[in-house]
Amino acid sequence: MRTIERPGRGVKYVDGATIRAQGLFNAAVSDAGGAFALDFGSTDIREGEAFRLSRVNKSGYELSDKGVIGKEYPLSVSVPLEIVLINIAEREADKQRIADKAYARAEQTYKTKLADLERQLSDKSIDAETYRTQLRDLQDKFDKYEKLIDAMAERYASTDYAHIDSLNARVNIAIENGELELADSLIRSVGSLEALVSQNMEAMRRADAQEEIGRAIVANAKQDKDSIAADRQRLGDLLYSKAQIHLAAFENDSTAHYYRLRAELDSTNVEWQYDAGVFLSDYLADNNSAMGYYRLALKHALEQYGKNSEQVALCYNIIGKTYSTQGEYDNALEYYKQALESMPIIFEEAHPTVATIYNNIGNAYTQLGLYKQALENLVKSLYIRFAIFGEEDFAIALSYNNIGVVCELLGDYDMALNSQKEALRIKLNCLGQKHPSIAISYNNIGTVYSHKKDYDMALEYVTKSLKLDQELFGELHPEVAASYHNIGSIYDDLKNYNQAIECYKKSLEINTFILGENHPDIATTNNNIGCAYINMRNYDTALEYLTTSLKISRNIFEEQHPDVARDFNNIGTVYYYKGNYEKALEYCEKALEINLSIFDGEHPRILGGRKTIEKIKQKIREADGK
């Protein structure tokens with residue numbers, strides 16, 4: 001029983017760990033040298049027969065290889081069984097160090113590429129439209145890379161250097177330290193990875209053919225296959241590192257190439273299929289290709305680990321997450337629940353994957369509008385994370401954030417505010433004050449204060465969000481535009497329509513520059529400006545903005561869409577105030593017709609629309625009576 005080996009930190013033998021095998025009543029306990037002995041004397045298992053481990057436990061540690069639990073091992077009195085643990089506290093420290101360096105590197109890359117774009121626009125080597133397109137692409141790549149830094153850092157922080165070759169060790173250390181040019185140079189020293197993949201696959205095909213010739217050469221073929229398999233693992237590690245180097249440079253197509261190449265190298269490797277799917281889904285939005293990799297990973301996970309295993313649960317969970325991304329929340333729930341059922345019973349509920357699945361189930365229920373079920377599952381996730389991580393982990397902050405969102409939707413603004421503030425407190429401890437996630441929390445808190453009609457506090461927090469986003473991203477960024485928009489909404493609630501319009505127009509200016517004119521956010525902001533002008537009784541100007549909003553919405557969406565109905569209804573409202581009741585009735589009836597095709601008859605939009613139409617008809621009757 002030992003720990004993983006890390007740079008500058010050698011292997012440590014672990015005492016006091018309990019090891020239990022299926023069918024054994026008594027657990028073994030490791031001694032000061034990490035040694036332990038399982039006593040199978042009371043069972044029917046004999047030398048050479050298979051046994052399975054059911055539990056390995058040591059406070060503050062977790063298994064390096066989750067597949068140890070439930071895996072078959074041949075019983076041997078002469079060949080020891082090695083179990084490798086990870087010291088959780090040491091891994092978290094390594095993970096934070098690696099993530100901090102990766103984030104700093106990504107931020108510098110973003111700023112360098114942004115400055116280059118601005119220089120090209122200034123010297124007219126690109127036009128404004130090309131600038132906008134490339135700026136959107138750059139911002140999207142930075143945002144997505146920032147979200148996956150944590151997963152990359154965890155992988156490297158969990159790597160056991162006792163089991164990797166010297167080249168991969170040097171590459172890993174370089175990447176951990178943010179020295180990507182050195183890492184890339186080391187990888188290029190072995191030659192073309194594509195050629196090496198092809199050679200390895202061809203060697204495996206020859207070994208497979210040789211194995212089939214006859215029993216006489218099976219032993220030699222098996223030895224060859226073992227050697228090729230070891231080389232395949234080494235090559236797979238290089239491909240992963242090469243992908244990370246391109247990812248840090250925001251070169252997504254090259255990153256995808258190496259993930260695909262790695263998945264192709266060994267289609268039975270569950271992790272490699274899973275990783276390829278995650279990248280294609282999160283970075284390239286290629287959910288169809290990602291689903292193919294996920295289903296292949298699920299197939300081999302079921303074959304290799306059995307239905308009740310964490311590997312199978314992770315595959316079900318990621319398929320559910322993909323369905324959720326596509327808006328298919330019922331399908332997502334089905335797979336999340338299968339993921340929960342697949343978790344080994346030995347984990348009970350005190351396991352990070354179980355917490356993640358409950359969290360995902362909660363988010364799916366939120367999207368379906370089933371807020372009580374959502375809250376129930378999100379709270380389960382929170383309590384499991386408490387048991388595993390304590391109260392100050394970033395995962396706890398994410399749980400509080402999600403709970404706060406649901407409480408806000410349920411109208412429990414005090415609970416929502418407490419949850420969002422607790423999320424912010426933990427994030428500040430984990431991330432420091434200058435991080436995009438901090439700006440998101442400021443904005444969330446401001447939104448809750450707005451619902452509570454405490455507009456001074458709402459403005460304070462949303463303004464904090466704006467200033468931090470400006471510092472992190474500059475003025476031309478969607479998050480900055482969103483903050484301006486949210487500040488405008490607060491001024492709207494305060495009936496300070498001039499200030500609201502000023503903020504909305506800043507948001508509109510930024511988003512139009514970044515997104516172009518044909519985007520839902522542009523339509524929404526035009527709509528909000530139009531509504532503010534209605535409240536100022538400037539109906540002609542209101543009509544201009546609302547008509548623009550309708551034109552954009554109809555161009556983007558099909559006719560039967562809530563945003564189109566919104567625009568029809570608001571234009572109808574303008575005509576009502578202008579005294580043109582026939583036009584008002586025409587637009588409001590179109591809005592109701594669309595809403596009836598989308599919502600049930602008791603939806604507030606249906607009830608409100610019918611009430612508005614009746615009010616307009618009453619005005620028409622009164623006019624006819626005169």
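This tour moves from the whole chain to a few helices, loops and single residues, with a suggestion of what to select at each stop.

**The whole protein**

Begin with the full chain displayed as a cartoon, keeping in mind that this is a predicted model. The protein has 24 helices and seven strands, and its C-alpha trace spans about 105 × 60 × 50 Å along the principal axes. If you colour by accessibility, buried residues make up 47% of the 626 residues. With a surface displayed, the protein exposes about 30,300 Å², of which carbon and sulfur atoms supply 49%. Among the contacts with a separation of 6 or more, 59% are accounted for by residues 24 or more positions apart. Colouring by charge brings up 72 positive and 94 negative charges, and the mean positions of these two sets are 3 Å apart.

**Helices α1 and α2**

Select residues 88-122, which form helix α1, and pick out Asp94 within them. Is Asp94 buried or exposed? Asp94 counts as buried because its relative accessibility is 7%, below the 20% cut-off. Leaving out residues up to four places away in sequence, Asp94 touches Arg6, Arg9 and Ala157, so displaying those side chains together with Asp94 shows the contacts at this position.

Next select residues 128-157, helix α2, and centre on Lys144. Beyond the residues up to four places away in sequence, Lys144 touches Asp282 and Tyr283. For a sense of scale, draw a distance from the C-alpha atom of Lys144 to that of Leu196: the two residues are 52 apart along the chain, and the C-alpha atoms are separated by 30 Å.

**Helix α13**

Move on to residues 371-389, helix α13, whose 19 residues should span 27 Å at 1.5 Å a residue; the end C-alpha atoms are 26 Å apart, which agrees with that expectation. Now colour Ala374, Asn377, Leu378, Ser381, Leu382, Ile384 and Arg385, which are buried in α13. These buried residues cover an arc of only 170 degrees around the axis, which puts them on the same side of α13. An α-helix has 3.6 residues a turn, so residues three or four places apart point the same way. Turn the view to the other side of α13, where Lys372, Tyr383 and Ala387 are exposed. To see what covers the buried residues of α13, add further elements to the display, including α12 (352-367) and α14 (394-410).

While α13 is on screen, select Phe386, which is found in this helix. Phe386 is partly exposed, because its relative accessible area is 22%, a value between the 20% and 50% cut-offs. Setting aside neighbours within four places in sequence, Phe386 is in contact with Glu391, Ile396 and Tyr400. A longer line can be drawn to Leu167, 219 residues apart from Phe386 along the chain, with 39 Å separating the two C-alpha atoms. Before leaving this region, inspect Gly390, which follows α13 and has a positive phi, near 85 degrees.

**Helix α18**

Select residues 478-493, helix α18, where 16 residues reach 23 Å from the first C-alpha to the last, close to the 22 Å expected at 1.5 Å a residue. Its buried residues are Val480, Ala481, Ser483, Tyr484, His485, Ile487, Gly488, Ile490, Tyr491 and Asp492. What covers these residues includes α16, α17, α19 (497-515) and α20, so these helices are worth adding to the view.

**Backbone angles to check**

Finish with a look at phi. Most residues other than glycine have a negative phi, and most peptide bonds are trans. Just after α18, however, Lys495 takes a positive phi of about 65 degrees. Select the loop between α16 (436-451) and α17 (455-473) to find Lys453, a residue other than glycine whose phi is positive, near 65 degrees. Lys453 counts as exposed because its relative accessibility is 61%, over the 50% cut-off. The last stop is the loop between α20 (520-535) and α21 (539-556), which holds Arg537. Arg537 is not a glycine, yet has a positive phi of about 65 degrees. What is the relative accessible area of Arg537? The value is 65%, so Arg537 is exposed.

Definitions and conventions
Residues numbered from 1 in each chain as written. Predicted model: local features only at pLDDT ≥ 70, side-chain atom pairs only at ≥ 80, totals over all residues. Heavy atoms only, no water. Helix = DSSP H or I, 4+ residues; strand = E, 2+ residues; numbered from the N terminus. Buried < 20%, exposed > 50% of the residue type's maximum accessible area, 1.4 Å probe, protein only. Contact = heavy atoms within 4.5 Å. Areas by Shrake-Rupley, 256 points an atom, 1.4 Å probe, with all protein chains shown as cover. Lys, Arg positive; Asp, Glu negative; His and termini not counted. Charge placed at Lys NZ, Arg CZ, Asp CG, Glu CD. Expected span 1.5 Å × (residues − 1). Arc of directions from axis to C-beta.
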